[in-house]
Amino acid sequence: MKYHIHISGLKDGEYKYSFDIDKKFFESLICKERRDCKIKILAILTQRGNKLTLSMLVKGKVFDLLCDICASKRIVTINNLFNYNIELSSLHTEREDDIIYINGNQKEIEISNLIYESIILSLPNKNVHSGKVSDKCDTDMISLVKKYSEKKPVKDPRWKDLDKLKDLI
């Protein structure tokens with residue numbers, strides 16, 4: 001599927017585009033992140049005189065995020081809004097956080113990278129179960145993590161002689 005927004009020949013007003021994002025979207029990109037999701041993107045392009053803005057509403061669920069504590073899959077709901085200004089530039093300029101530079105003769109904007117970034121930025125930094133009845137960590141995995149993360153003091157036998165010297169002083 002193509003993720004394009006037409007920008008040429010627009011009159012003042014709002015233009016709405018809707019995109020359904022699922023696992024196939026991530027498979028089509030060249031990236032490490034693969035997400036099983038059901039996300040709706042509502043992109044609103046607004047033209048007011050010479051000013052173009054793009055707002056993207058990201059809403060949906062990601063089904064395969066791993067909990068940072070127990071590593072079990074959990075479902076996360078995302079809901080976020082991103083706003084961008086679109087500016088004309090004859091030079092090839094890299095996109096900034098909230099500004100998209102385009103050529104004056106450009107007829108459309110390809111937004112698959114914006115969609116990808118919007119989804120990734122909408123995910124929580126810390127991904128843990130909430131503790132509610134239906135959203136708890138896997139107790140078996142937690143006990144395994146505790147078992148293997150216990151640090152048992154290991155004393156290097158070579159230090160024995162140095163400890164004796166320390167005791168002499």
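Two residues are said to be in contact when heavy atoms lie within 4.5 Å. With that idea in hand, the predicted model can be explored from the inside outwards. A good starting point is Ile 115, which touches Tyr 3, Phe 19, Ile 21, Phe 25, Ile 41 and Met 56, leaving aside residues up to four places away in sequence.

Ile 115 also has a place in a wider picture. The largest nonpolar core holds 35 residues, and Ile 115 is among those with the most contacts inside this core, along with Phe 19, Ile 21, Ile 39, Leu 45, Leu 54 and Ile 111. Several elements contribute to the core, each with at least two residues: strands S2 (13-21), S3 (37-48), S4 (51-66), S5 (73-88) and S6 (99-102), together with helices H1 (23-28) and H2 (112-122). Strand S4 gives the largest share, six residues. In soluble globular proteins, nonpolar side chains tend to be buried together.

Aromatic rings deserve a look of their own. A pair of such rings is described by the distance of the centres and the angle of the planes. Across the whole structure, four aromatic pairs are found. In one of them, the ring centres of Tyr 3 and Phe 25 are 5.1 Å apart and the planes stand at 90 degrees, so this pair is edge-to-face. Because Tyr 3 sits in the segment before strand S1 (4-6) and Phe 25 in helix H1, the pair ties together parts that are 22 residues apart in sequence. Tyr 3 and Phe 25 are both buried.

Another edge-to-face pair joins Phe 26 and Tyr 116, with 6.0 Å from centre to centre and 65 degrees between the planes. Here Phe 26 belongs to helix H1 and Tyr 116 to helix H2, so parts 90 residues apart in sequence are tied together. Phe 26 has a relative accessibility of 0% and therefore counts as buried. The four residues of these two pairs come together with Phe 19 in one aromatic cluster: Tyr 3, Phe 19, Phe 25, Phe 26 and Tyr 116.

The surface offers its own details. Met 141, Leu 144, Val 145 and Tyr 148 make a nonpolar patch of about 390 Å² there. Met 141 is found in helix H3 (residues 139-149) and has a relative accessible area of 31%, so this residue is partly exposed.

A final point concerns the backbone. Ala 71 is not a glycine, yet has a positive phi of about 65 degrees. Ala 71 lies in the loop between S4 and S5 and, with a relative accessible area of 45%, is partly exposed.

Methods. Residues are numbered from 1 along each chain as its sequence is written. This is a predicted model: local features need pLDDT of at least 70, side-chain atom pairs count only at pLDDT 80 or more; totals for chains, interfaces and linings use all residues. Side-chain values use heavy atoms; hydrogens and water are left out. A nonpolar core is a set of buried Ala, Val, Leu, Ile, Met, Phe, Trp, Tyr and Cys residues joined through side-chain atoms within 4.5 Å. Buried means under 20% relative accessible area, exposed over 50%, partly exposed in between (1.4 Å probe, protein chains only). Helices (H or I, at least four residues) and strands (E, at least two) are DSSP runs, numbered from the N terminus. Patches are made of residues with over 30% relative accessible area and no salt bridge: like charges are joined within 9 Å, nonpolar side chains (Val, Leu, Ile, Met, Phe, Trp, Tyr) within 5 Å. Accessible areas come from the Shrake-Rupley method with a 1.4 Å probe; for residues, only the protein chains shown count as cover. A salt bridge is a side-chain nitrogen of Lys or Arg within 4 Å of a carboxyl oxygen of Asp or Glu. Rings of Phe, Tyr and Trp (its six-membered ring) pair if their centres lie within 6.5 Å; planes under 30 degrees apart count as stacked, over 60 as edge-to-face and the rest as tilted.
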